[in-house]
Amino acid sequence: MTQNFAADVRRMTEKAKANMEFVFKASVQDVSELMTRRQPSVKDTGGTFQEGYVPVDEGELINSVEVSVNGAITGQGGNDAPPDFVASLGTLQLGGAAEVVFTAPHARPMEYGFRTRDDNGDADSQYAGGDVDVPGRFFVRNAVQNWGVIVDQNARLFED
């Protein structure tokens, strides 16, 4: 009976470890997909955009998505699309480190927003009439803020 119990504990431990790895990897893939959802640029929409989506005009921003696992680059965007996250994150294991980043020079301003004109409060300035602020798209922030929900959704697949 002791041997059966020990074997059962080993099996359950291996199953739990495999399930945790699946939840971890699937959650990283889901967050990566969420942060790279695309929408047309404001040039194509007449100035409107939805927060949480990557604007795609010429494709430079979405093409700049780079994936690395434990420091090795495993995927890069191209053809106006992010890399295949399932393939790029395939070697990721529990306890490993994955990075999914936008490398384009304008990635941060698009994420957080930026000012194109600043009148500095001077009524005689050539820019009198106010500042012009471009709001951030927050495609990365919004995805990462959903990490807990995404992990919970993936973990539910293993509830007994």
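In this predicted model, Ser68 stands opposite Ile73 of strand E4. That pair of residues is a handy place to start, and the sheet around it comes next. Strand E3, residues 65–69, pairs with E4 in the antiparallel sense, over four bridges. Between E3 and E4 there are two residues, so to speak the tip of a hairpin, and Asn70 in this turn has a positive phi of about 50 degrees.

Now step back to the whole sheet. Three strands make up an open sheet, in the order E4-E3-E5, with antiparallel pairing. Its edges are strand E4 (72–76) and strand E5 (98–102), each of which pairs on one side only. From one strand to the next, the twist averages 25 degrees. As a reminder, strands of a sheet pair through backbone hydrogen bonds, either parallel or antiparallel.

Let us walk back along the chain from E3. Ser64 is found in the loop between helix H3 (60–63) and E3. Is Ser64 buried or exposed? Its relative accessible area is 9%, and because the cut-off for buried is under 20%, Ser64 counts as buried. Leaving aside its neighbours within four places in sequence, Ser64 is in contact with Val101, Phe102, Thr103 and Ala104.

Phe102 also turns up among the contacts of another residue, Phe139. Phe139 lies in helix H6, which spans residues 139–144. With a relative accessibility of 1%, Phe139 counts as buried. What does Phe139 touch, once residues up to four places away in sequence are not counted? The list runs through Met35, Gly52, Tyr53, Val54, Pro55, Leu61, Phe102, Ala107, Met110 and Glu111. Take Val54 from that list: Phe139 and Val54 are 85 residues apart in sequence, yet 6.0 Å apart in space, C-alpha to C-alpha.

Helix H6 also holds Arg141, a residue with two interactions to look at. To begin with, Arg141 lies over the face of Phe138, at 3.9 Å from the ring centre. Arg141 also meets the side chain of Glu51 in a salt bridge, at 3.1 Å from N to O. Glu51 sits in the loop between H2 and E2 while Arg141 is in helix H6, so this salt bridge ties together parts that are 90 residues apart in sequence. Both partners count as partly exposed: Glu51 at 40% relative accessibility and Arg141 at 33%.

How many salt bridges does a search of the whole structure find? The search finds three, and the Glu51–Arg141 pair is one of them. Another joins the side chains of Asp57 and Lys43, at 2.9 Å from N to O. This pair links distant parts of the chain, with Asp57 in the loop between strand E2 (54–56) and H3, and Lys43 in helix H2 (residues 42–45), 14 residues apart. Asp57 is partly exposed, with a relative accessible area of 39%, whereas Lys43 counts as exposed at 64% relative accessibility.

There is also a salt bridge between Asp8 and Arg11, whose closest N and O atoms are 2.2 Å apart. Asp8 and Arg11 are three residues apart in helix H1, so about one helical turn separates them. Asp8 is partly exposed, with a relative accessible area of 37%, and Arg11 counts as exposed at 52% relative accessibility.

The aromatic rings make a good last stop. One of them, Tyr53, carries a charge over its ring: the charged end of Arg37 sits there, 4.0 Å from the ring centre. Beyond that, the structure holds two aromatic pairs. A pair of aromatic rings is described by the distance of the centres and the angle of the planes. For Phe22 and Phe158, the ring centres are 5.3 Å apart and the planes stand at 75 degrees, so the pair is edge-to-face. Why does this pair tie together parts that are 136 residues apart in sequence? Phe22 lies in helix H1 (residues 2–35), and Phe158 lies in the segment after helix H7 (147–155), so the two rings come from parts of the chain separated by those 136 residues. As for accessibility, Phe22 counts as partly exposed at 39%, and Phe158 is partly exposed too, with a relative accessible area of 28%.

Terms used: Residues are numbered from 1 along each chain as its sequence is written. This is a predicted model: local features need pLDDT of at least 70, side-chain atom pairs count only at pLDDT 80 or more; totals for chains, interfaces and linings use all residues. Side-chain values use heavy atoms; hydrogens and water are left out. Two strands pair if DSSP finds at least two bridges between them. Axes are lines fitted to C-alpha atoms, for helices over the stretch in contact, and angles run from 0 to 180 degrees between N-to-C directions. Rings of Phe, Tyr and Trp (its six-membered ring) pair if their centres lie within 6.5 Å; planes under 30 degrees apart count as stacked, over 60 as edge-to-face and the rest as tilted. Buried means under 20% relative accessible area, exposed over 50%, partly exposed in between (1.4 Å probe, protein chains only). A charge sits over a ring if NZ of Lys or CZ of Arg is within 6 Å of the ring centre and within 35 degrees of the ring normal. Contact means heavy atoms within 4.5 Å. A salt bridge is a side-chain nitrogen of Lys or Arg within 4 Å of a carboxyl oxygen of Asp or Glu.
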